[in-house]
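Okay, thanks everyone for coming. Let me put the structure up, and then we'll walk through the sheet together.

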Amino acid sequence: MISFARGAPAPECLDAALLADCARSAIEGDPSVLAYGPGGGYGPLREWLGGRHGVDPARVIVTNGGLQGFVFYAEELLAERPGRVLVEAPTYDRPLKILARLDADVRPIAMDGEGLDPDALERELAAGETSFLYTIPTFQNPSGRTLSTERRRRVVELAAAHSVPVLEDDPYGLVRYEGEAPPSLHELEGGELVTYASSFSKTVAPGVRVGWFVAPAGLAARLEARAVSNYISPPFLTQATVHELIDRGAFEPKLERIKGLLRARRDAMLAALGASLEGEVSWSKPEGGYFLWLDELPVDADELLTRAEAAGGTFVKGADFFPGGEDGARSARLAFSYASPSEIGEGVSVLASLLR
Ligand SMILES: Cc1ncc(COP(=O)(O)O)c(C=O)c1O
């Protein structure tokens, strides 16, 4: 099975020996990582992240991956400010499932090639009470799109004008293959309304389960209390392992290595699509991240998926990324992060032949 469904790094990206060595050093260097401790995460990692974001480390909450933090954030915001949750359409499917479980009133905000449409956001903000906006502005999951700097400024202005909290989810921003990084919403806004979230899943390994949130002070304390009430104490061993990797100066080289491996996969997918489907369907051309978005398919994506699975390939159909599955019938998310470049070429030609 050639998988374009898995939003995971290719197996070659995971340095088992390096991480095993960092884990050993982490335990030997600080045996307290084997004990219970503060719910907000491993102190030295919080300090490093605080320095990177220019905030007091108390505002950094290290979570069991970004998704666990999303649950805490959504529960906290929905309790504090009941109202609609605004999301990009399409958006990452797991938060949609979490929001459905929390009975949230989820409203889709239209997107185009430049990311979410600020005019659509403005209309939705004027339409009723909003609990928060959830956005993935850089190399978005699922579309691979990046919000332009001009639109970032507008989103921040709109959030301020309506006093609406924003969750900026940015696990892919560091995985940039070319081009200039735009400023984060968090930087533009100053971190009063915008909470920034990211993760080491896409830059170190998903199995370490280390994500982080940079929140306003009061919210950070409440997120930490939620962490304590859910799991007493975070897994310091993996957090300290990541910190050891950083402390050794191994994070940047590892990131460069991952970028090299994934850039080749992104290039292979763009080349294969260009060679076999030019003019027949459209797709995004991300400068980084893990995904691209196929659009304007000539058949419904679920029909294509059934045929693809019978032929040994898989992807995620577009409808999974829209609230209630109400759009996206003719689109699909292709992850280029997991399959090898040659499998990517093969998988795209299978898709192209099924589309003819
Ligand atoms: C946009 C986005 N946010 C959060 C996550 C969750 O990552 P993790 O919980 O592994 O940190 C993912 C993973 O695919 C993602 O794409």
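So, to start: which residue in E5 is the bridge partner of Met111? It's Leu116. Keep in mind that we're looking at a predicted model here.

Let me stay with that corner for a second. E4 and E5 form a hairpin, with 2 residues between them. The two strands are antiparallel, and 2 bridges hold the pairing.

Now zoom out. The sheet is an open one, 8 strands in total, and the pairing is mixed. If you read across, the order goes E2-E9-E8-E7-E6-E3-E4-E5. At the edges you've got strand E2, residues 60-63, and strand E5, residues 115-116. Each of those has a single partner strand, so one side of each is left without a neighbour in the sheet.

Okay, next, E3, which covers residues 84-89. E3 sits between E6 and E4 in the order. On the E6 side, 4 bridges join E3 to residues 130-135, and those two strands run parallel. If you want a pair to click on there, take Arg84: the bridge partner in E6 is Thr130.

On the other side, E3 pairs with strand E4, residues 106-112, also in the parallel sense, this time over 5 bridges. There, Leu86 stands opposite Arg107 in E4.

And how do you get from E3 to E4? Through helix H4, residues 93-101: E3, H4 and E4 make a β-α-β unit, and that unit is right-handed.

One last thing if you're scrolling along the strands: in a regular strand, side chains alternate between the two faces of the sheet. Right, that's my tour, happy to go back to any of it.

Terms used: Residues are numbered from 1 along each chain as its sequence is written. This is a predicted model: local features need pLDDT of at least 70, side-chain atom pairs count only at pLDDT 80 or more; totals for chains, interfaces and linings use all residues. Side-chain values use heavy atoms; hydrogens and water are left out. Two strands pair if DSSP finds at least two bridges between them. A crossover is right-handed if, with the strands pointing away from the viewer, the path from the first strand over the helix to the second runs clockwise.
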